[in-house]
Amino acid sequence: MEVHPSARKHGIADEDIEHATTHAMAIDDHDDTRLYLGPSRSAELLEVVTIVRDDGSELAIHAMKMRAKYQRLLPGG
């Protein structure tokens, strides 16, 4: 997965972005974007937004600590 500089705005490391998407606990698709809720390497929950390209590859454009408003999307949320 490619990481756009905008995804680093909140100080989330590329490795944590990749870990959160690879181990996502919830995925929410919207047209050409995808929201992942998953753990960083230290188990802190993150929200990661990607653009899904026509070839199926993804570009991470946003990553930060998961906000409470997304709790409802998690299993048991």
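**Close-up views of a predicted model**

The protein contains 1 helix and 5 strands. The structure shown here is a predicted model.

**Figure 1. Overview of the fold: the elements follow the order β-α-β-β-β-β along the sequence.** The C-alpha trace extends over about 35 × 25 × 20 Å along its principal axes. The radius of gyration is 11 Å, which agrees with the value near 11 Å for a compact globule with 77 residues. Of the 77 residues in the protein, 35% are buried. The protein exposes about 4700 Å², and carbon and sulfur atoms supply 48% of that area. Among contacts between residues at least 6 apart in sequence, 35% join residues at least 24 apart.

**Figure 2. Pairing of strand β1 with strand β5.** Strand β1 covers residues 2–3 and strand β5 covers residues 58–65; the two run parallel and are joined by 2 bridges. Within this pairing, Glu2 has Leu59 of β5 as its bridge partner.

**Figure 3. Pairing of strand β4 with strand β5, and the hairpin that they form.** Strand β4 spans residues 45–52 and pairs with β5 in the antiparallel sense over 7 bridges. Two residue pairs illustrate the arrangement. Val52 has Glu58 in β5 as its bridge partner, and Leu46 stands opposite Lys65 in β5. The hairpin of β4 and β5 has 5 residues between the strands. Gly56, in this hairpin, adopts a positive phi near 90°.

**Figure 4. Pairing of strand β3 with strand β4, and the hairpin that they form.** Strand β3, residues 33–39, runs antiparallel to β4, and 7 bridges join them. Tyr36 is matched with Val48, its bridge partner in β4. In the hairpin formed by β3 and β4, 5 residues lie between the strands. Ala43, in the turn, has a positive phi of about 80°. Strand β4 therefore pairs with two strands, as DSSP must find at least two bridges for a pair and β4 shares 7 bridges with β3 and 7 with β5.

**Figure 5. Surroundings of Thr21 in helix α1.** Helix α1 comprises residues 14–22, and Thr21 belongs to it. Is Thr21 buried or exposed? Thr21 is buried, because its relative accessible area is 11% and the cut-off for a buried residue is under 20%. The side chain of Thr21 reaches the backbone oxygen of Glu18 at 3.0 Å. Which residues does Thr21 contact, leaving aside its neighbours within four places in sequence? They are Met1, Tyr36 and Val48. Tyr36 and Val48 are themselves bridge partners, with Val48 in β4.

**Figure 6. Ala13 in the loop between β1 and α1.** The loop that holds Ala13 lies between β1 and α1. Ala13 counts as partly exposed because its relative accessibility is 26%, a value between the limits of 20% for buried and 50% for exposed residues. Ala13 and Met64 are separated by 51 residues in sequence. In space, the C-alpha atoms of Ala13 and Met64 are 9.9 Å apart.

Note on methods: Residues are numbered from 1 along each chain as its sequence is written. This is a predicted model: local features need pLDDT of at least 70, side-chain atom pairs count only at pLDDT 80 or more; totals for chains, interfaces and linings use all residues. Side-chain values use heavy atoms; hydrogens and water are left out. Helices (H or I, at least four residues) and strands (E, at least two) are DSSP runs, numbered from the N terminus. Buried means under 20% relative accessible area, exposed over 50%, partly exposed in between (1.4 Å probe, protein chains only). A polar contact is a pair of N or O atoms within 3.5 Å; within protein, one must be able to donate a hydrogen and the other to accept it, and residues adjacent in sequence count only if both atoms are side-chain atoms. Contact means heavy atoms within 4.5 Å. The radius of gyration is taken over C-alpha atoms; the globule rule is 2.2 Å times the number of residues to the power 0.38. Accessible areas come from the Shrake-Rupley method with a 1.4 Å probe; for residues, only the protein chains shown count as cover.
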